[in-house]
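User: I have a structure to go through at the bench. Please take my questions one at a time and keep the answers short.

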Amino acid sequence: MDIFFSGENLSELGHVLAPDLSFTGPFYAFHSAEDYIASLEADPPVGCAYELVGSFESESAACLVFRFTKPGISATMAQLFEVEGGRIRKIHLVFDTAPFEIA
């Protein structure tokens with residue numbers, strides 16, 4: 001989360017993501033870590049921030065619930081991370097898109 005929200009050194013995510021990462025969310029879907037990272041590098045999340053609301057984890061998954069903010073937008077989001085072989089293999093992002101459509 002720190003790398004993502006800094007908008008810097010996004011290639012460092014490659015160390016924690018499985019090459020065959022599956023990312024799904026309301027606006028985007030990616031089927032490789034390379035494509036996911038390339039998308040972030042093309043449009044870095046500059047000016048965005050988050051505040052952790054809660055979290056839980058198990059041996060093979062973690063879930064973060066957080067308040068996402070950027071100028072003019074605030075939304076509660078949940079992100080489920082599934083881990084395999086010590087790397088994040090799946091990310092599922094869930095949030096209401098209405099605040100983004102108004103902005």
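User: How many aromatic pairs does the count come to?

Analyst: The model is predicted. Rings pair here if their centres lie within 6.5 Å. By this rule the count of aromatic pairs comes to 13.

User: Is the pair of F5 and F66 stacked, tilted or edge-to-face?

Analyst: A pair of aromatic rings is described by the distance of the centres and the angle of the planes. For F5 and F66 the ring centres are 6.2 Å apart and the planes stand at 80°. An angle over 60 degrees counts as edge-to-face. So the pair of F5 and F66 is edge-to-face.

User: How many residues apart are F5 and F66, and in which elements do they sit?

Analyst: This pair links distant parts of the chain. F5 is in helix α1 and F66 is in strand β4. Along the chain they are 61 residues apart.

User: What is the angle between the planes of Y50 and F66?

Analyst: Y50 and F66 also form an aromatic pair. Their rings are 6.1 Å apart, centre to centre, and the pair is edge-to-face. The angle between the planes is 80°.

User: Y50 or F66: which is buried and which is partly exposed?

Analyst: Buried means under 20% relative accessible area, and exposed means over 50%. Y50 has 30% relative accessibility, so Y50 counts as partly exposed. F66 has a relative accessible area of 2%, so F66 is buried.

User: Which residues do ring pairs link into a cluster?

Analyst: F66 is one of the members. So are F5 and Y50. The cluster linked by ring pairs is F4, F5, F27, Y50, F66, F68, F95 and F100.

User: How many bridges join β3 to β4?

Analyst: β3 and β4 form a hairpin with 3 residues between them. One bridge sets E51 opposite its partner R67 in β4. The two strands run antiparallel, and the bridges that join them number 8.

User: Which residue takes a positive phi in the hairpin of β4 and β5?

Analyst: β4 and β5 run antiparallel, joined by 10 bridges. A62 stands opposite F81 in β5. The hairpin has 2 residues between the strands, and the residue with a positive phi, near 85°, is G72.

User: Do β1 and β6 pair in the parallel or antiparallel sense?

Analyst: The bridge partner of F23 in β6 is I91. There are 4 bridges between β1 and β6. The sense of the pairing is parallel.

User: What is the bridge partner of T24 in β2?

Analyst: β1 and β2 run antiparallel, with 2 bridges between them. A hairpin joins these strands through 4 residues. In β2, the partner of T24 is A29.

User: Is A18 buried or exposed?

Analyst: A18 is found in strand β1. Beyond four places away in sequence, A18 touches A33, R87, I88 and R89. Its relative accessibility is 6%, so A18 counts as buried.

User: What is the volume of the largest pocket?

Analyst: The lining of the largest pocket has 31 residues. The closest to its centre are F4, Y36, L40, P45 and L93. The volume of the largest pocket is about 780 Å³.

User: Which element gives the most to the lining of the largest pocket?

Analyst: By class, the lining has 26 nonpolar, 3 polar and 2 charged residues. Several elements each supply at least two residues, including α1, α2 and β5. With 4 residues, the element that gives the most is β6.

Terms used
Residues numbered from 1 in each chain as written. Predicted model: local features only at pLDDT ≥ 70, side-chain atom pairs only at ≥ 80, totals over all residues. Heavy atoms only, no water. 1 Å grid on protein atoms, 1.4 Å probe; cavity = no way out; pocket = protein on both sides within 12 Å on 5 of 7 lines; lining within 4 Å. Points joined across faces, edges and corners; volume = space filled by probe spheres on them. Nonpolar A, V, L, I, M, F, W, Y, C, P; charged D, E, K, R; others polar. Pairing = 2+ DSSP bridges. Phe/Tyr/Trp six-rings, centres within 6.5 Å; stacked < 30°, edge-to-face > 60°. Buried < 20%, exposed > 50% of the residue type's maximum accessible area, 1.4 Å probe, protein only. Contact = heavy atoms within 4.5 Å.
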